[in-house]
Amino acid sequence: MGTSSGAATSVEETRKDMGNNGDRPLIVTEDLWKTYEMGSEQIHALHGLTFKIERNEYVAIMGPSGSGKSTLMNVIGCLDTPTKGKYYINNRLVSELSDDELAFIRNKEIGFVFQTFNLLARATALHNVELPLIYNGTPAGPRLEQAKAALAKVDLADRMTHKPNELSGGQRQRVAIARALVNNPSIILADEPTGNLDTATGVDIMNLFERLWEQGNTIVLVTHEHDIAAHANRIIHIRDGRIEKDEKVR
């Protein structure tokens, strides 16, 4: 089914609004709750979270298994909706956005990096990185140049034609990071990005995130590991769906 002209207009308005908020916090949550119904019982995965994340911050959201950090990541990534409370991204109230506007934000404004890489097994590194650009209709010429530039940023210019099974775990995660970068998003949202990597490779990936942050990217990193969270300049500690501590660490 084609997109209606009204939907296209709202996405274009979202695009303009996203580009005009440079002096405002990138993320704002106000009394954010996520509640699941389990029979007659209510489970509060998020319990009234309020915080802000500024542009070019490097924030780790840290907590043990079951703390609510993955639920919070899904809400920040517009993959899930809160039960109540408000979530603003680039000064847009997410609950007021249409499906088309949310799809635009997930494609253009948020670069996702997952623990399991989520690469197409039969596609080259270059084609994997091109995918977000294919989805948003970027023409072939610019698409190819943007994908090549993103792979160069993660030091994989010489691996563009390799498929995932021809790459190491660290190289596969670099492809995933390049894919997250290719649209020049407002946020890089990383969920346990070193979880499937050995220690030395994990250090390399964290050094890459540090470099990307120094180049001006906003990074939100979800982890349960203290040594990974220590790479950020701010750590939001989550426990039982609440913010236990919010600290600047450097």
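Leaving aside neighbours within four places in sequence, Tyr-58 is in contact with Met-206, Phe-209, Glu-210, Trp-213, Ile-219, Leu-221, His-231, Ala-232, Asn-233, Arg-234 and Arg-250. This residue makes a convenient entry point to the predicted model, since Tyr-58 belongs to the largest nonpolar core, a set of 39 residues. Together with Val-129, Leu-151, Val-175, Ile-177 and Phe-209, Tyr-58 touches the most other members of that core. Several elements contribute to it: E3, H4 (125-135), H5 (140-153), H6 (169-181), E7 (187-191), H7, E8 (218-223) and H8 (226-229) each supply at least two residues. Apart from this core lies another, of 29 residues, including Leu-102, Phe-104, Ile-105 and Ile-236. In soluble globular proteins, nonpolar side chains tend to be buried together.

The wider setting of these cores can be described next. The protein chain holds eight helices and 10 strands, and buried residues make up 51% of its 250 residues. Of the contacts with a separation of 6 or more, 72% join residues 24 or more positions apart. A compact globule with 250 residues would have a radius of gyration near 18 Å, and the value for the protein chain, 18 Å, agrees with this. Along the principal axes, the C-alpha atoms fill a box of roughly 50 × 50 × 40 Å.

Confidence varies along the chain. The mean pLDDT is 90, and 91% of the residues reach 70 or more. Among the elements, strand E3 (residues 58-62) has the highest mean pLDDT, 97, whereas helix H1 (residues 5-18) has the lowest, 52. Over residues 1-5 the pLDDT is below 50, and this stretch has two contacts in the model beyond near neighbours in sequence.

Helix H7 (residues 199-214) offers a simple check on geometry. At 1.5 Å a residue, its 16 residues should span 22 Å, and the end C-alpha atoms are 23 Å apart, which agrees. The N-terminal end of H7 is capped by Asp-198, with a side-chain oxygen 3.2 Å from the backbone nitrogen of Ala-200. Within H7, the buried residues are Thr-201, Gly-202, Ile-205, Met-206, Leu-208, Phe-209, Glu-210, Leu-212 and Trp-213. Just after the helix, Gly-216 adopts a positive phi of about 110°.

What surrounds helix H4, another contributor to the largest core? Eight of the 11 residues of H4 are buried, so this helix is largely enclosed by the rest of the structure. The buried set consists of Ala-125, Leu-126, Asn-128, Val-129, Glu-130, Leu-131, Pro-132 and Leu-133, and these residues pack against helix H3 (99-109), H5 and H6. Gly-137 follows H4 and has a positive phi, near 80°.

Helix H3 also contains Arg-106, which counts as partly exposed at 28% relative accessibility. Not counting residues up to four places away in sequence, Arg-106 touches Gly-77, Cys-78, Leu-79 and Phe-112. A polar atom of the Arg-106 side chain lies 2.6 Å from the backbone oxygen of Cys-78. Leu-79 is 27 residues from Arg-106 along the chain, with their C-alpha atoms separated by 8.0 Å.

A final site of interest is His-237, found in strand E9 (residues 234-239). Its relative accessible area of 12% is under the 20% cut-off, so His-237 counts as buried. Leaving aside neighbours within four places in sequence, His-237 is in contact with Met-62, Arg-242, Ile-243, Glu-244, Lys-245 and Glu-247.

Notes:
Residues numbered from 1 in each chain as written. Heavy atoms only, no water. pLDDT = per-residue confidence, 0-100. Helix = DSSP H or I, 4+ residues; strand = E, 2+ residues; numbered from the N terminus. Contact = heavy atoms within 4.5 Å. Expected span 1.5 Å × (residues − 1). Buried < 20%, exposed > 50% of the residue type's maximum accessible area, 1.4 Å probe, protein only. Polar contact = N/O pair within 3.5 Å; in protein donor to acceptor, adjacent residues only side chain to side chain. Core = buried A, V, L, I, M, F, W, Y, C linked by side-chain atoms within 4.5 Å. Rg over C-alpha atoms; globule rule 2.2 N^0.38 Å.
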